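Welcome to a short tour of a protein model. Take a moment to look it over, and then we will walk through it together.

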Amino acid sequence: MALLNVEDYRQEARRLLPRFVFDYLDGGSEDELAVKENRAAFERIRLTPRLLNDVSVRDQGIDWFGRRLPSPIVIAPTGLNGLYRKDGDILLARAAARLGIPFALSTASNNSIEQVANASNGDLWFQLYVMNRDFADQLVDRALVAGFSHLVLTVDVPMGGKRERDERNNFVMPFRFRPKTIADVLCHPRWLWNVGRHGAPAMANLATATITDPNTQAALLSRKMDASFDWDDLKRLRDRWPRRLLVKGLLHSADAERAVALGVDAIVVSNHGGRQLDIVPASISVLPRFSSVNAPLIVDSGIRRGSDIVKAISLGAAAVMIGRAALFGLAVGGEQGVVEVIKILQSEIDRTQALLGAKELIQTASKILTDSE
Ligand SMILES: Cc1cc2nc3c(=O)[nH]c(=O)nc-3n(C[C@H](O)[C@H](O)[C@H](O)COP(=O)(O)O)c2cc1C
């Protein structure tokens, strides 16, 4: 079957991955209302074309802190990428480098900060989870030495969301193979060959760390963060990290304003793809309320079409992050699969732009009227 869009890649990933892996990738928290709302909110937005503009040559590039990105797309930080492909983080980083877009490496990655830096020559961002302050400081220093350009502090995980698909599949820490899981794995020979035969992928950033606290690995695996992290700690982090600092996971503009006042460079408006608090609004719905924030905005959660990206830009985002869409590509075709998914999104952006009458993507913000019905 020809894979024409992100949903096709999702279906193919569903076919290729064991159930517990696909559910971890695809699922959300509790009743998955936020997951559904992320899609529903994008689908409700309608854009009205302004025609008779010369759109024979189109540009979807954006300026990001003095750098030109060919598309307004960043690959979002996601943990356990080694579950879909061996060396999944490196494959994502290389795909991003080929496309000239940034890749954000998660604290919960299966390739380490240093491995990814050595294996890719692209723009690398590091996403920080704080389970333990000393360890977080070590990670930040390592990312700096390894040449990562941006630090992304994720703040919407003081505790892990309640992922009931994972609980039902026994995909909870400490992980133990049960008969049902073994049967599931045996039914997916391609995955077994590529991933399963190497055993459970390790939390690579911990393996090379010089931490003495034995609880940190367990905390990261079960997403038990340091829930006491607050504004003072953010200020401390700002002082420690000299390059671009982003805060990811805000849904209230007042929090964003406070972060920017502390010296944060950009904000990721995100509900974590509906994987944390299930009762939150879609990130795209709250984005217009951030117009008072004096910093570039990235939005994520629910992006499955190039037209969703155009909608995000027209509502005030400078760029978007894509999480699951890139991972479906990784699961289906490794590095090449990620490139293909992003090329589909780029081509959808381009066509949407042409049909809307917007030569430059950035023009959509001022030229296109948004009718939210
Ligand atoms: C499998 C998976 C793992 C994730 N792991 C992390 C993580 O380690 N750190 C983080 O900040 N966000 C994580 N996220 C959230 C993503 O960064 C992003 O906010 C979300 O995927 C965007 O929604 P989308 O998947 O609908 O594009 C994860 C998301 C998924 C799907």
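Is D59 buried, partly exposed or exposed? D59 counts as partly exposed, because its relative accessibility is 29%. Before we go further, please keep in mind that this is a predicted model.

## Salt bridges

D59 makes a good starting point, since its side chain forms a salt bridge with R68. The closest N and O atoms of D59 and R68 are 2.7 Å apart. R68 is also partly exposed, because its relative accessibility is 40%.

How many salt bridges does a search of the whole structure find? The search finds 27 of them. Here are three examples, each with the distance from N to O.

| Salt bridge | N to O distance |
|---|---|
| D59 and R68 | 2.7 Å |
| R133 and D233 | 2.6 Å |
| E164 and R168 | 3.8 Å |

Take the pair R133 and D233, whose side chains meet at 2.6 Å. This pair links distant parts of the chain: R133 sits in helix 6 and D233 in helix 12 (residues 231-240), and their positions lie 100 residues apart in the numbering. R133 is partly exposed, with a relative accessible area of 26%. D233, by contrast, counts as buried, because its relative accessibility is 8% and the limit for buried is under 20%.

R133 has another partner to look for. The side chains of R133 and D226 are joined by a polar contact of 2.8 Å. D226 belongs to the loop between helix 11 (215-221) and helix 12. With a relative accessible area of 18%, D226 is buried.

The pair E164 and R168 tells another story. Why are E164 and R168 separated by about one helical turn? They are 4 residues apart in helix 7, so about one helical turn separates them. E164 is partly exposed, at 22% relative accessible area, whereas R168 counts as exposed, at 62% relative accessibility.

Salt bridges can also join up into a network. In this model, E7, R10, R19, D23, D26, E32 and R165 are linked in that way.

## Around the ligand

Now turn to the ligand. How many residues surround the ligand? There are 24, and the closest are P77, S106, T154, D300 and G302. Sorted by class, the shell has 8 nonpolar, 11 polar and 5 charged residues.

Several atoms of the protein can be paired with atoms of the ligand. A polar atom in the side chain of D300 is 2.6 Å from a ligand oxygen atom. For G79, a backbone N or O atom lies 2.9 Å from a nitrogen atom of the ligand. For R324, a backbone N or O atom lies 2.8 Å from an oxygen atom of the ligand. The ligand has 600 Å² of accessible area on its own, and the protein covers 98% of that area. Helix 2 (19-26) and helix 16 (324-356) are the elements that give two or more residues to the shell around the ligand.

Helix 16 is also the place of Q336. Q336 counts as partly exposed, because its relative accessibility is 36%. The C-alpha atoms of Q336 and S270 are separated by 27 Å, with their positions 66 residues apart along the chain.

## A loop residue with two backbone partners

Where does N132 lie? Look in the loop between strand 6 (124-128) and helix 6 (133-145). N132 counts as buried, because its relative accessibility is 14%.

The side chain of N132 has a polar atom 3.0 Å from the backbone nitrogen of D134. A polar atom of the N132 side chain also lies 2.8 Å from the backbone nitrogen of F135. Farther along the chain is N215: N132 and N215 are 83 residues apart along the chain, and their C-alpha atoms are separated by 9.2 Å.

## A nonpolar patch

Let us finish at the surface. Which residues make a nonpolar surface patch of about 310 Å²? The patch is made by F177, I182 and L186. F177 is found in the loop between helix 7 (164-168) and helix 8 (179-186). With a relative accessible area of 49%, F177 is partly exposed.

Terms used
Residues numbered from 1 in each chain as written. Predicted model: local features only at pLDDT ≥ 70, side-chain atom pairs only at ≥ 80, totals over all residues. Heavy atoms only, no water. Near = heavy atom within 4 Å. Polar contact = N/O pair within 3.5 Å; in protein donor to acceptor, adjacent residues only side chain to side chain. Areas by Shrake-Rupley, 256 points an atom, 1.4 Å probe, with all protein chains shown as cover. Nonpolar A, V, L, I, M, F, W, Y, C, P; charged D, E, K, R; others polar. Patch = residues over 30% accessible without salt bridge, like charges linked within 9 Å, V, L, I, M, F, W, Y side chains within 5 Å. Salt bridge = Lys/Arg side-chain N within 4 Å of Asp/Glu carboxyl O. Buried < 20%, exposed > 50% of the residue type's maximum accessible area, 1.4 Å probe, protein only.
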